[in-house]
Amino acid sequence: MINTFAQVDYLASAGGTVWHRASAASKLVLAAALVAVAVFSPSWLVLALMLATALALSAAARLPAGLVAAAAGTPLLFSFVFVVARFRGDLPAALVLGMRPMVASLAALWLVGTTPYPDLFAPLARVLPKTLGDALFLTYRAVFMLLARVERLWRALYLRGGMSGSPRRRLDLLGEALGTVLLSGFERSQRLHQVMSLRGHSGRICGCRHWHDFRVEDAWALVCLAWVLAVAILLRGTGGA
């Protein structure tokens with residue numbers, strides 16, 4: 001899992017496509033439009049076109065095919081049970097239920113795979129409460145460190161026979177491991193707070209100021225946004241579930 005997060009983070013920072021050069025603001029608006037259409041549109045035809053658009057965006061951003069397949073397939077697996085449970089011979093309704101999470105997941109992957117995290121959290125910090133915005137910014141980095149620690153702990157348990165024995169013994173060891181990770185997280189948070197206080201933290205993380213620097217590449221985001229809105233409005237009465 002940590003490798004996947006690290007891969008997405010690297011792609012967002014090291015990519016050189018037109019979508020990596022576009023501003024975070026225009027990409028946030030386009031991704032929000034895709035997710036909104038995926039959530040509210042009852043038309044399987046509109047959702048199919050949105051799915052094709054999300055796939056085209058991922059391909060234009062040169063995101064790895066395996067990552068795109070995982071982003072499209074994982075929510076489909078979860079929704080499969082729900083689709084089967086509600087299936088009454090209505091194929092359009094099943095298509096709508098299946099494609100909705102795929103479009104939203106691919107739009108999110110395209111956004112985080114083309115936007116470095118400081119640019120991504122900077123506009124959110126303007127909208128969210130100060131404490132929540134700063135917490136999201138810091139938590140993103142802490143997740144990588146905690147996941148690395150969990151991975152090392154899991155490997156140590158496995159090599160020392162912690163995954164063998166009775167289920168009761170394994171549960172006891174897993175509980176102790178979870179407690180160790182939690183205490184480590186609190187200790188790391190305390191050290192981070194002390195370091196920030198020593199360096200003059202005034203209670204506000206400034207964040208990146210380049211998220212709304214519009215460039216020529218933002219014209220492509222406007223074109224895609226116009227396409228998404230045109231499809232959602234003009235085809236809203238067709239392919240209904």
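**Group meeting: a pocket in an all-helix chain**

Hi everyone, let me start with the lining of the second largest pocket: its residues divide into 14 nonpolar, 4 polar and 1 charged. Please keep in mind that this is a predicted model.

So where does that lining come from? Four helices, α1 (2-14), α5 (65-86), α6 (91-114) and α7 (117-127), each supply at least two of its residues. In total, 19 residues line the second largest pocket, and those nearest its centre are F5, V8, A108, L109 and V112. As for volume, the second largest pocket comes to about 400 Å³. A quick reminder on how we look for such places: rolling a probe the size of a water molecule over the atoms shows where empty space is left.

Now let's step back to the whole chain. You'll find 10 helices and 0 strands. Of the 241 residues, 34% are buried. The exposed surface of the chain is about 14400 Å², with carbon and sulfur atoms supplying 69% of it. On contacts, take the pairs of residues at least 6 apart in sequence: 81% of those contacts join residues at least 24 apart.

One last residue for you to click on is R62, in the loop between α4 (44-60) and α5. Its phi is near 60°, a positive value in a residue other than glycine. For background, most residues other than glycine have a negative phi. Is R62 buried or exposed? With a relative accessibility of 68%, R62 is over the 50% cut-off, so R62 counts as exposed.

That's my tour, thanks for listening!

Key:
Residues numbered from 1 in each chain as written. Predicted model: local features only at pLDDT ≥ 70, side-chain atom pairs only at ≥ 80, totals over all residues. Heavy atoms only, no water. 1 Å grid on protein atoms, 1.4 Å probe; cavity = no way out; pocket = protein on both sides within 12 Å on 5 of 7 lines; lining within 4 Å. Points joined across faces, edges and corners; volume = space filled by probe spheres on them. Nonpolar A, V, L, I, M, F, W, Y, C, P; charged D, E, K, R; others polar. Buried < 20%, exposed > 50% of the residue type's maximum accessible area, 1.4 Å probe, protein only. Contact = heavy atoms within 4.5 Å. Areas by Shrake-Rupley, 256 points an atom, 1.4 Å probe, with all protein chains shown as cover.
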